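Here are a few notes to read alongside the structure, written as one colleague might write them for another. Take them one point at a time and find each part in the 3D view as you go.

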Amino acid sequence: MTSLIDRRMGIFLAGLFVLTVAVPIGNLAFEGKVVPSYIVSLLGKYLCYALLAVALDLVWGFCGILSLGHGAFFALGGYAMGMHLMREIGDRGVYANPDLPDFMVFLSWDQLPWFWMGFDNFWFASLMVMLVPGALAFLFGWFAFRSRVTGVYLSIITQAMTYALQLAFFRNEMGFGGNNGLTDFKDVLGFPLQSDATRAGLFVCTAIALAAGLLIARAITTSKLGMILVCIRDAESRTRFMGYRVEGYKLFIFVVSAMMAGVAGALYTPQVGIINPGEFSPANSIEIVIWVALGGRGTLVGAALGAILVALAKTLFTGWFPEFWLFALGGLFILVTLFLPKGVLGLIEDTFARKKKPAPALQEAKA
Amino acid sequence: MSVHLLLDGVSRSFDGYKAINDLSLAVDKGELRAVIGPNGAGKTTMMDIITGKTRPDSGGVWWNQTVDLTRIDEAGSARLGIGRKFQKPTVFETHSVEENIALSLKAERSVLATLFHRQTAAEAARITELLELVRLEGDRHRPAADLSHGQKQWLEIGMLLAQDPELLLVDEPAAGMTDAETMRTAELLRSLAGKHTVIVVEHDMDFVRALDCRVTVLHQGHVLTEGSLDHVSANPEVIEVYLGR
Ligand SMILES: Nc1ncnc2c1ncn2[C@@H]1O[C@H](COP(=O)(O)OP(=O)(O)O)[C@@H](O)[C@H]1O
Ligand SMILES: [Mg+2]
């Protein structure tokens, strides 16, 4: 059987480990002179995106489900964590109301809506981070996969799903802070979010979550179930005739993927300091697909790499020419689909393979 | 002998065209049956109906005289013990030859069972046995995409046998095979009869002769005649619609 940690996974995890040790030390031990504090949170954000990309690669790369709505699962995870962080503010808000978040006081609500109950508890919120996206994915997948909605049609309804959620979350009456979203967080589990130590801690947690996500994804895709997912991707009808209930397999991987995206969102919110309906925007979900395609679809590590590279490029590019970022991203996507079908990871691996083993033509010339 | 599969007055039309028209067919347990008929006679559609891919507009399809196959989906029919080889060979191209067989092996098909599955020694032995039978032992680690058309046919036969089905539906297995391979396929299918029930659709008359079994002639979705190959080929109607051309 295929090993859990193959070469590419080993190299990536080793690199991630070095980063996980070096970044916090570089920040904390040198009072931000070697690694500035904002870089710590920025890198943490990149790793959240990487985990989100791995989640999408599970469904798209391995099972052929092109979800254009994964941003919704990410955002829901982010909101679930954001709700807890709002509760942790307590009476330190602008209105100093110990029972209600500021935006509810502003709307003249006199009590906490029922769906905010329990979010005072960190562990309850952490559970919701996975359960809410998981439940939505289950419901959505249950109907879509049983009615055998596939291909472009499925992509379109996932896109519609995230758009509908965005519109819903924009409404103040929904009770999630309307278009401002949730923000002004003070601390998490008692640790102040503005402190460097907390930021470093969140960064380390994100790196661990990414490593765990990669390993879980790898364990699933190297199992017999993982091979069946690839069968479904390549010849869905044929797989049915072998006795596999395709709907069940799709539903399983879709729910696992949504939960992973939820975790990524939950780690994103405290590091960025805000979660708002913009995270549900259809364009966000499309961008995730670009990360995965660019990094290398169906490789897990490539997806993570793609997310980090694009996020890095976006940070640099928006600093230089902010208006052109979307054009650059679109151009990059077209170039990769035309010239790098296996993505950046494929390019790197092919380059190394060629260096190790001289091309046949070269050998002939020598002989 | 008991009737294993029964089609009872089955009809199905596509956009007004009756692809299957009042088709009745009974196949006994352990029987080897050849189904012949010109292109478009409805042979593949008949298999689609038996395996739950296509629902009939009217008529009944019965398994072991008790199970109503018109209420069962593709995976359900496979789980009952109906295995199918497709006219156009469909193997899983990115998986290795060996993995194609391993995934077809008779085993628990649930999500959890496959998630935690570990290959047993018995399974490994069975895979090797099947690979030897279809003469792909030397190619076991190659991606199935690398195989020739004929080899893919064999791999699909191996996958079908791996499922260990009670009923085998084999759609034009000899297409793309050499004469020697065609004869070997016929021999293999004959050896399976008795233990399994086998329905073979084929165009190649030498192949059907080699099968040496009862033949059903299908025409415009309806059974034209049935009997030994010599009997049906003497039928003037058959000569007109099919053999005479
Ligand atoms: N899903 C379908 N939709 C429309 N027409 C179909 C479908 N399946 C089969 N047919 C039609 O039914 C007829 C019988 O086809 P088929 O069963 O493939 O014939 P055979 O296998 O005997 O060559 C053909 O005219 C074909 O076009
Ligand atoms: Mg046909």
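**Notes on the predicted model**

1. Let us begin where the two chains meet. In this predicted model, 19 residues of chain A are in contact with 20 residues of chain B. On the chain A side, the elements that give two or more residues are α8 (224-234), α9 (236-241) and α10 (246-272). Of these, α8(A) gives the most, with 7 residues. Sorted by class, the chain A side has 11 nonpolar, 3 polar and 5 charged residues.

2. Stay with chain A for a moment and look at two of its helices. Helix α7 (residues 196-222) of chain A packs against α10(A) at an angle of about 170°, and their axes are 10 Å apart. Because of that angle, α7(A) counts as roughly antiparallel to α10(A); the cut-off for this word is an angle over 145 degrees.

3. Which residues make the contact between these two helices? From α7(A) come A:Leu202, A:Cys205, A:Thr206, A:Ala209, A:Gly213 and A:Ile220. From α10(A) come A:Val256, A:Met260, A:Val263, A:Leu267, A:Pro270 and A:Gln271. By class, this contact has 9 nonpolar and 3 polar residues, with no charged ones.

4. Now move to chain B and its sheet. Six strands form an open sheet with mixed pairing, in the order β6-β7-β8-β3-β9-β10. At the edges stand β6 (82-85) and β10 (222-227) of chain B; each has a single partner strand, so one side of each is left without a neighbour in the sheet. From one strand to the next, the twist averages 20°.

5. It is worth zooming in on one edge. Here β6(B) pairs with strand β7 (residues 167-171) of chain B in the parallel sense, over 4 bridges. To find a bridge yourself, start at B:Gly83: its bridge partner in β7(B) is B:Leu168.

6. A helix goes with this sheet. In chain B, α1(B) lies across β3 (32-36), β6, β7, β8 (197-201) and β9 (214-219). Relative to β7(B), α1(B) runs at about 150°.

7. The helix α1(B) also leads us to the ligand. What surrounds ligand 1? The residues around ligand 1 are B:Phe14, B:Ala19, B:Gly37, B:Asn39, B:Gly40, B:Ala41, B:Gly42, B:Lys43, B:Thr44 and B:Thr45. Helix α1 (residues 43-50) of chain B supplies the largest share of this shell, 3 residues. By class, the shell divides into 3 nonpolar, 6 polar and 1 charged.

Methods
Residues numbered from 1 in each chain as written. Chains lettered and ligands numbered in written order. Predicted model: local features only at pLDDT ≥ 70, side-chain atom pairs only at ≥ 80, totals over all residues. Contact = placed C-beta atoms within 7 Å. Nonpolar A, V, L, I, M, F, W, Y, C, P; charged D, E, K, R; others polar. Near = placed C-beta within 6 Å. Axes fitted to C-alpha atoms, helices over the stretch in contact; angles between N-to-C directions. Parallel < 35°, antiparallel > 145°, perpendicular 65-115°, else oblique. Pairing = 2+ DSSP bridges.
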